[in-house]
Amino acid sequence: MVGVPGGKLLIKNAATPHSRSTTDILVEDGAISAVGTLEGEGMDVGGRLVMPGFVNVHTHLDKADLLSKMSPDQYGKSLEENRELLKALKKNYRVEEIRERAGRVIDEFIANGVTAIRTQVDVDATGGLKPLEALTQLRDASRAELQICAFPQEGVLREDCLGRVEDALKSGADLLGGLPLVEKTREEQLQHIEVLCELAVKHDVDLEVQVDESNNPEDFLLPVLAEKTIEYGLQGRVSATHCISLSAVDDKIAQETIRLVKEAMMNVIVTPSANMITRFDTADDVHSRASNSITRVKELLAAGVNVAVGTDNIRDIFYPLGNCSMLRELHVLASATRMTGEEDPVRLLGMGSANGASIMGLNYGLEKGCTGDLIVLNARNAREALNTTPVIPYVIKGGHVVCESVHEVEHGG
Ligand SMILES: [Zn+2]
C-alpha cells in the first residue's frame, strides 16, 4: 500500500475534470481534507487526471460470470427464453459458488477503478436467499462499497413471493428492487408498482425499479412509477432503470413524463451496452428489429434529473460480454446518445461516478469533506480518459491504494 498508516495520502500534481491546472489533494481518515498547493512528500501522479472512483450503480453480481456454465446453444436468446435458462442454472446454485464468481468480478471492477457497486440479487423460489447470503458475506469483506438490492425475479403479487422479498429485507438487503415486466397483465404490473411502494415505506428502504426495457411505446410505466413515488411520499428515494420506452413515445408525452420524474426527485439509471442488445422478439416485432434503444439521457439531464450508469449483467445469459470497465460503458453511452459535444466527456465521467454515488448515498467529489475514494487515470483530461486504453494506474479507497498498475503510469499518457 502506498498510503501511510492512518489512511493519510497526499496526491501531488493532479489534473481534475473541471480545471485546466493541476492541484494537490490530501486524503486523511477516509476523506479529502485539503485541495490546493500543499506542502510535503506525496504520490506524484505527473499531471494525470484524478477523479472520484467509478460507481457501477446497476449490475447483477449473483449471475456474473455464469457463461462458463452455459452450453453453446444457450447464447443469443430473447429475454423470455433467457429467463427460463436462468431458472435451470439456478437450480445448481450454492452459496460458495456464487461467492466465488461474484468475488472474482468485484476484484475486476476494482481493478477498473470502480469503488462502489450496487448489485441486484435475485430473490425467488428457485434460488431462495442463497444469492443474498453470498453477496452479504462479500459486502462485509469487500474493498469496494457494496449495496445489495433485493430483486423479486418472480414478482411480488403472490403471497410466497412477497414473503420471500420481506425475508430478504430482514436478512441484510439494503434496498428493494422491482420488475413489473414479470407480471402478466398491465393491471398486475400496476399492482406490482403499488406493492413495491408499500413495501419501501413499510421497511423504510430505497426502491429501484426496472421499467420499460423495450422500444415499445405501449410498455410505458415510468409515469406511473413517478406518480406513485409522489403519492407514497418516496421523493428522492426511487430510481428507475432502463426507461427505454421514453424514447419511443412522442415528444410531448416524453417531456411531460420527464417533468414528473423530476418532480418525484427520481434518479434514472442507464445500462447502455445491455440496453442496446436486449431482444424482445418475435421476428415481426418492429420495436426490436435492429437493436433495442436507450432512454432520453440528454433531455433528462437538461431537466435536472440525476442520470447514472450501470454495466448491468457481466458475462451471463442476458449479456455474454462485459470487461467490468466503466470507461467502456461510457463510450457506448456517448455513441448511443450522441453525447459528442465539447463538455460531454466531463458529463459522462460524472454520470459514471458522482451521479451514481449520489444514488447510493455516498459523498463523491473533489472538495474538502468528500469521501477519499479516488482514481488516477491514464489521461490528462476527461476526453483523453475516454480515448486511451482503459487501464487505471491507481485505485484509492479511503486514502489507501487498493490497486495499482504502475507500468502504465510510467509509459502511458
Ligand atoms: Zn439489470
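The protein chain has 14 helices and 16 strands. Keep in mind that this is a predicted model. Start with overall dimensions. The C-alpha atoms fill a box of roughly 65 × 50 × 45 Å along the principal axes. A compact globule of 413 residues would have a radius of gyration near 22 Å, and this chain has 21 Å, so the two agree. Of the 413 residues, 50% count as buried. Now look at contacts between residues at least 6 apart in sequence. Of these, 76% join residues at least 24 apart.

Next, the domains. The assignment gives two entries: domain 1 is 9–52 + 364–411, and domain 2 is 54–360. So how far apart are the centres of domain 1 and domain 2, taken over C-alpha atoms? The separation is 30 Å. Where they touch, domain 1 puts in 18 residues and domain 2 puts in 22 residues.

Let's stay on the domain 1 side of that contact. Four elements each supply at least two residues: strand 5 (50–52), helix 13 (382–387), strand 15 (394–397) and strand 16 (400–404). Which of them gives the most? Helix 13 does, with four residues. As for character, this side of domain 1 has 13 nonpolar residues, two polar and three charged.

Three of those elements turn up again in a sheet. Strands 5, 14, 15 and 16 form an open sheet in the order 5-14-15-16, with antiparallel pairing. Strand 5 and strand 16 are the edges, and each pairs on one side only. On average, neighbouring strands here are turned by 25 degrees against each other, direction ignored. Zoom in on strand 15 and strand 16. They are antiparallel, with four bridges between them. One pair to find on screen: valine 395 has its bridge partner, cysteine 403, in strand 16.

Now the other sheet I want to show. This one is also open, with four strands, but the order is 3-2-1-4 and the pairing is mixed. At the edges sit strand 3 (31–36) and strand 4 (43–44), each pairing on one side only.

Let's walk across it. Strand 2 and strand 3 are antiparallel and share five bridges. Glutamate 28 bridges to alanine 31 in strand 3. The hairpin of these two strands has two residues between the strands, and aspartate 29 there takes a positive phi near 50 degrees.

Next step across. Strand 1 and strand 2 (residues 23–28) are antiparallel too, over four bridges. Leucine 10 has leucine 26 of strand 2 as its bridge partner.

Then the last step. Where is the parallel pairing? Strand 1 (residues 9–14) and strand 4 run parallel, joined by two bridges. Look for isoleucine 11, whose bridge partner in strand 4 is methionine 43. One general reminder while you view these strands: in a regular strand, side chains alternate between the two faces of the sheet.

Last stop, helix 11, residues 344–351. Is helix 11 mostly covered or mostly uncovered? Mostly covered: seven of its eight residues are buried. The buried ones are Asp344, Pro345, Arg347, Leu348, Leu349, Gly350 and Met351. Note that Asp344 and Arg347 are on that list.

What covers them? The cover includes helix 9 (297–302), strand 13 (306–309), helix 10 (326–337) and helix 12 (354–360). Strand 5 and helix 13 are part of the cover as well. We met both earlier, on the side of domain 1 that touches domain 2.

Technical notes. Residues are numbered from 1 along each chain as its sequence is written. This is a predicted model: local features need pLDDT of at least 70, side-chain atom pairs count only at pLDDT 80 or more; totals for chains, interfaces and linings use all residues. Two strands pair if DSSP finds at least two bridges between them. Domain bounds come from an automatic or database domain assignment. Two residues are in contact if their C-beta atoms, placed from the backbone, lie within 7 Å. Ala, Val, Leu, Ile, Met, Phe, Trp, Tyr, Cys and Pro count as nonpolar, Asp, Glu, Lys and Arg as charged, and the others, Gly among them, as polar. A residue is buried if 20 or more other C-beta atoms lie within 10 Å of its own, exposed if 12 or fewer, and partly exposed in between; C-beta atoms are placed from the backbone. The radius of gyration is taken over C-alpha atoms; the globule rule is 2.2 Å times the number of residues to the power 0.38. Axes are lines fitted to C-alpha atoms, for helices over the stretch in contact, and angles run from 0 to 180 degrees between N-to-C directions.
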